[in-house]
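Q: Please take a close look at one part of this model for me, starting from a single residue and working outwards to its surroundings. I would like one connected account.

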Amino acid sequence: MSASSVPSSFSPAVASGDGGATRLPLYALVGNPNCGKTTVFNALTGLRQKVGNYPGVTVEKKEGRLRLPGGGAASLIDLPGLYSLTPRSPDEAIARDVLLGHRPDVAQPEGIIHVVDAANLERNLYLTSQVLDLGLPTIIVLTMTDVAEKNGHTVDIPALEKVLGVPIRPVLVSKNTGMDSLRAAIELLPTTPPPPQRDWPLPTDAEIEVKELSEMLQKEHGTRPAQSGMEAVSLLMAETLRPEEVGRWSPAVLDHLAADKANLAALGIDFSAAVVEARYAWAGRIGSQVVRKPRRAAETLTDRIDRIVMHPFWGYIIFFGVMAFVFQTIFTWAQIPMNWIGSGVSALQHLITTHMPPGDLQDLLVNGIIAGVGTTITFLPQILLLFFAISLLEDTGYMARAAFLMDKVMSKVGLHGKSFIPLLSSFACAIPGIMATRTIDDRKSRLVTILVAPLMSCSARIPVYTLMIAAFIPNRRVLGIFTLPGLTMMSMYFLGMVAAFGMAWLFKKTLLRGSPPVFFLEMPPYHAPSARTVLMTMLERAWLFLRRAGTVILSVSIVLWFLSSYPKQPAGTPPAAQLAHSYAGQAGQAIEPAIAPLGFDWRIGVSLVSSFVAREVFVSSMGTIYSVGDRYSSTEEVTSTLKDKLRADPFFSPLIAICVMIYYVLAMQCLSTIAVVKRETNGWTWPLFMTGYMTALAWITTFLVYHIGMALGWGGR
Amino acid sequence: MSKSENTSFLPAFCKRWQAGKARAEALSRYVADKTGHTEMPLSEMQPGDFGHVLSLCSSCDQREHLLELGFTPGTEITVVRLAPLGDPMTVRIRGYQLSLRRREAEAVTMRRCPPDFDLDPAIDSDGA
C-alpha cells in the first residue's frame with residue numbers, strides 16, 4: 001500500500017502512461033479554495049488526469065501530466081484547496097504532509113505552482129507566506145486579474161515579483177492568456193532559485209526558540225535548512241501533535257519542543273497568535289505596497305446579485321426554484337436517457353435470445369451479464385446530470401449561498417448547510433447523493449449525511465409503492481382535493497424524511513458526537529461557469545462510479561442472477577416453482593421466521609432477497625411468484641395484472657401492504673448503495689453499519705406497525 | 001425544541017417574547033464610549049455595522065481558526081448580512097466575504113464604529 005520510498009513509485013499514472021520511462025519531475029499545485037486552482041489544473045493537464053484516494057483516508061488524490069514546451073513532461077499533483085498549512089481537516093493534513101515530504105506514498109514535490117487570486121490578494125498571501133517558507137522553487141500563478149480590474153484593483157506584478165522573490169505569471173484560463181508563459185516558467189522551475197527566507201519577524205524570544213528548534217531538526221533529522229524553520233514554527237504552533245507526527249520526531253526533539261512550549265507560556269507569549277499576526281502583517285504590508293484600490297469598495301455585481309439571491313423572501317423563492325430544477329433534472333429528465341438505456345439493454349437481450357440457442361450460457365449472458373451492466377449504466381444519466389448541476393452551482397458560486405440559506409435548518413439536526421444537496425439528490429437515487437457528499441469538509445457531518453441519505457425515498461422505491469397502493473389502497477377522495485393513494489405515497493416520502501433527520505440527529509448525539517461542525521464558508525464572487533470545469537467534473541464522477549462502484553454492482557448482479565437461477569429445475573417447471581426452489585427462493589423461505597413477525601410470508605421473503613439488486617425487482621419477483629409473466633417482464637405489465645392477483649390472495653391485506661411499503665422505506669435494500677458507501681468511506685465498517693441499522697430500524701418499525709395495526713383490528717380487508 | 005415550547009401557541013409566544021426582551025436587555029448593556037465606539041461581540045452586530053477586532057476569546061475552540069481566517073486584532077470587519085433565519089451571518093473581512101455561525105462570532109470581541117464614522121485611511125493601510 002505505502003511504505004515504498006522508491007521515487008519511481010509515486011505516480012503510477014505516469015509510470016504506466018510512459019511505459020515506465022524515466023521519472024518525471026513532480027510539482028504540486030497549491031492554492032486557496034475558489035482561487036481558480038482546478039481551472040488551472042485542468043488547463044495544464046487536460047484529460048491526462050488520474051483521480052484516486054490517499055490510502056486510508058477519504059481525501060481525493062488528483063494527479064495529472066503536463067507537457068512542457070521543450071518536449072519534456074512533468075507530473076502535477078493537485079492538492080486540496082486550503083487557506084493555511086496548519087492542519088485542521090484531513091485535507092489540510094494531507095496537503096501539508098505532501099508538501100513537507102512526510103507522505104510515504106508521495107515523494108516530496110520538487111517545486112510548487114502556487115495559485116493566487118489577484119482579486120483577493122491579501123487573504124491569499126497568508127497562504128503564500130507559508131508556501132514560501134517551504135523553501136522549494138515556486139512559481140506564483142496570478143488568476144482573476146480581470147475580476148480585480150473590474151473591482152478597481154490594480155496589482156503591480158513586477159513589484160510583487162520583487163518582494164516575494166519568485167516568478168509570477170498572470171493567467172486567464174477563460175481567455176486563454178498566459179498559459180504559454182506559465183508552461184515556459186514551469187519548464188524553468190528546476191533551475192529557479194528557491195524563495196528567500198521568511199521576512200516576517202516574531203517577538204525576540206519566539207525567534208530564539210524557532211532558531212534553536214530548527215537547528216536541532218537539521219542536526220537530528222537532517223531536515224533541509226530551508227524547510228527546518230517552517231517545521232519548527234508549525235511544531236511550536238501545534239497544541240497537540242497528531243499521532244503520526246509524534247512518531248516522526250526523535251524523543252530528544254519532542255522533549256525540547258515541550259520545554260520550549262513551557263518556556264514560551266511562562267514568558268506569556270501566545271506563539272500561534274504571534275505567528276498568525278506576523279504573517280498577516282506581512283501580507284497586509286505587501287498588499288498595500290503592490291495593490292492600488294479605491295478606498296471604499298464600489299458595489300460589485302456580486303453585491304447586486306446577492307441583494308436579490310439572499311433576500312429573505314426572494315432568496316428562498318430562488319433557492320427553491322434552483323432546487324426544483326436540480327431535482328427535476330435527476331428525477332424526470334434523467335428518465336429519458338435511462339429509458340433509452342433500458343430499451344437498448346432489452347433490445348440487446350432480445351437479439352441474443354433470438355440468435356443464440358437457449359441454455360445456461362445464454363441465460364448468463366442475457367440475464368446475468370447484460371442485465372448487470374444495464375443496472376450499472378442506468379445510474380449514469382443521473383450521476384452525470386446531478387454532477388452537471390452541482391458543478392454548475394459550485395462553479396458559479398451559488399453553492400455557498402445555498403449552504404448559507406439552509407444552514408440554520410440543517411443545524412437543528414447537527415448537520416451542515418452543505419448536507420442539503422446530497423439529501424435532496426437522494427430522492428432520485430442515493431448513489432449520486434452519496435457521491436455528492438464530498439463537498440462537505442467536516443468528516444463527521446459527511447459520514448452522517450452518507451448514513452441517512454438512503455432513507456430518502458429514491459425512485460427505485462416508486463414501483464413498490466405503486467404496486468402496493470394500486471392493489472390495496474382504495475381510490476377515495478379525502479377533503480375533496482386529495483386522494484387516498486396520493487396521500488399514502490406522500491406519507492411514505494414523509495416517513496423517509498423524518499427517519500433521515502431523526503437518525504441524523506441521533507447519530508450526531510451518540511455515535512458521531514462532536515462539537516457542532518464549524519461553518520466557516522467563504523462566499524466567493526459570482527462568475528460565469530467554465531464549460532471545461534463542469535464537463536471535467538461530470539466525466540470524473542462518471543468514471544469514478546463506473547470503475548469503483550460499477551464493477552461491484554456488475555459482479556453482485558451476476559451473483560444474484562446465479563442465486564435466483566440455480567439449482568436448475570427440470571425443464572418445463574413453471575417459473576414460479578423455479579424461483580421458489582432457487583437458492584434465492586430457499587433463502588427467502590429460510591428467513592421466513594425472521595420476517596413472519598412483520599406479517600410477511602416466504603413469498604415476500606423471496607422478493608426481499610432478490611430485490612437486493614435494485615428495489616424495483618420486488619415487483620417482477622412477486623410477479624414471477626404469482627405467475628404473472630416471468631422475472632424478465634416489465635414492471636408496468638406486471639403491476640397491472642399482479643395487483644388483481646394480490647387483491648384476490650386472502651393472505652394480503654391493506655395492513656400488510658402498508659407494512660411492505662414501510663419496510664421498503666426504511667430498509668437497506670440496495671447493494672449498489674452499499675458498494676458506493678464502501679468506496680466513499682474507504683472500508684467495510686460504515687456500509688455494514690448502515691445496512692445493520694437500517695434493517696433494524698425497518699424491522700422494528702414494521703413490527704410495531706403490524707402489531708399495533710392487528711391489535712386495533714385493522715388486519716382485516 | 002423542548003416539548004413545552006411546541007404544545008401550545010401561547011407559552012411558545014411568551015417564551016419568544018421573553019427571549020426577545022432578554023436580548024434587548026443584553027444589547028442595552030453595550031454602551032458607546034466617548035468617541036461613539038461600542039465594545040460588543042461580533043455576533044450582536046447588525047448588517048451594515050462595521051468596526052475593528054479588539055480581541056478573541058482566550059481559550060475557545062475556534063480561536064486559532066478564527067485568527068487564521070484573518071480575525072487578528074485591529075482588522076476591519078463589516079457585517080454584510082444575516083441569513084433570513086437569523087443565523088449564520090456574512091461579514092466582509094480583508095476584502096472577502098465569509099459566512100460564520102453566530103456561535104463562533106460570539107468569540108470575537110469588536111469595537112464597533114459609530115454609524116457615521118468615516119474610516120481614516122491611515123488606520124488600515126500603512127500610509128503607503
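**From a loop residue to the chain interface**

A: Happily! Leaving aside neighbours within four places in sequence, H102(A) is in contact with D97(A), E231(A), R248(A) and W249(A). Please keep in mind throughout that this is a predicted model. With E231(A), H102(A) also shares a side-chain polar contact, at a distance of 2.9 Å. H102(A) itself sits in a loop of chain A, the one that runs between α3 (90–100) and β5 (111–117).

Following that loop onwards brings us to β5(A), which deserves a careful look. This strand is largely enclosed by the rest of the structure, because 7 of its 7 residues are buried. Its side chains divide into two sets: G111(A), I113(A), V115(A) and D117(A) point one way, while I112(A), H114(A) and V116(A) point the other way. Both sets are buried.

What lies alongside β5(A)? One partner is strand β1 (residues 26–31) of chain A, which pairs with β5(A) in the parallel sense over 5 bridges. If you want a place to check this pairing on screen, find G31(A), which stands opposite V115(A) of β5(A). Strand β6 (residues 138–143) of chain A is another partner, again parallel to β5(A), and here the pairing runs over 6 bridges. In this pairing, D117(A) has T143(A) in β6(A) as its bridge partner.

Now look at N124(A), which connects several of these pieces. This asparagine belongs to helix α4 of chain A. Is N124(A) buried or exposed? With a relative accessible area of 1%, N124(A) is buried, since the cut-off for that class is under 20%. Not counting residues up to four places away in sequence, N124(A) touches H114(A), V115(A), V116(A) and D117(A), together with N32(A) and C35(A). Four of those names are familiar from β5(A), where V115(A) and D117(A) point one way and H114(A) and V116(A) the other. With N32(A) there is a further link, a polar contact of 3.5 Å between the side chain of N124(A) and that of N32(A).

Further along the sequence from N32(A) and C35(A), helix α2 spans residues 37–45 of chain A. This helix is mostly covered, with 8 of its 9 residues buried. The buried residues of α2(A) are K37(A), T39(A), V40(A), F41(A), N42(A), A43(A), L44(A) and T45(A). Just after the helix comes G46(A), which takes a positive phi of about 60 degrees.

Let us return to α4(A), this time for its part in the interface. Chain A meets chain B through 42 residues of chain A in contact with 36 residues of chain B. About 3600 Å² of area is buried between chain A and chain B, and carbon and sulfur atoms give 55% of that. Polar links cross here as well: 13 residue pairs are counted in polar contact between chain A and chain B, taking pairs with both residues at pLDDT 80 or more. On the chain A side, the elements that give two or more residues are α4 (121–133), α12 (271–290), α13 (301–309), α17 (398–411) and β12 (520–522). By residue class, this side of chain A consists of 19 nonpolar, 9 polar and 14 charged residues.

Salt bridges are part of the picture, and the rule finds 5 of them across the interface of chain A and chain B. One to look up is between the side chains of D270(A) and R63(B), with 2.4 Å from N to O.

Strand pairing also crosses between the chains. β12(A) pairs with strand β5 (residues 96–100) of chain B in the antiparallel sense, over 3 bridges. In this pairing E522(A) has L98(B), in β5(B), as its bridge partner. Take care with the labels here, as β5(B) is residues 96–100 of chain B, while β5 of chain A is residues 111–117.

As for the partner chain, chain B contains 5 helices and 6 strands. Read from the N terminus, its elements follow the order α-α-β-β-α-β-β-β-α-β-α. Of the 128 residues in chain B, 42% are buried. Among the contacts in chain B that join residues at least 6 apart in sequence, 57% link residues at least 24 apart.

Notes:
Residues numbered from 1 in each chain as written. Chains lettered and ligands numbered in written order. Predicted model: local features only at pLDDT ≥ 70, side-chain atom pairs only at ≥ 80, totals over all residues. Heavy atoms only, no water. Contact = heavy atoms within 4.5 Å. Buried area = accessible area lost by both parts, 1.4 Å probe. Salt bridge = Lys/Arg side-chain N within 4 Å of Asp/Glu carboxyl O. Polar contact = N/O pair within 3.5 Å; in protein donor to acceptor, adjacent residues only side chain to side chain. Helix = DSSP H or I, 4+ residues; strand = E, 2+ residues; numbered from the N terminus. Nonpolar A, V, L, I, M, F, W, Y, C, P; charged D, E, K, R; others polar. Pairing = 2+ DSSP bridges. Buried < 20%, exposed > 50% of the residue type's maximum accessible area, 1.4 Å probe, protein only.
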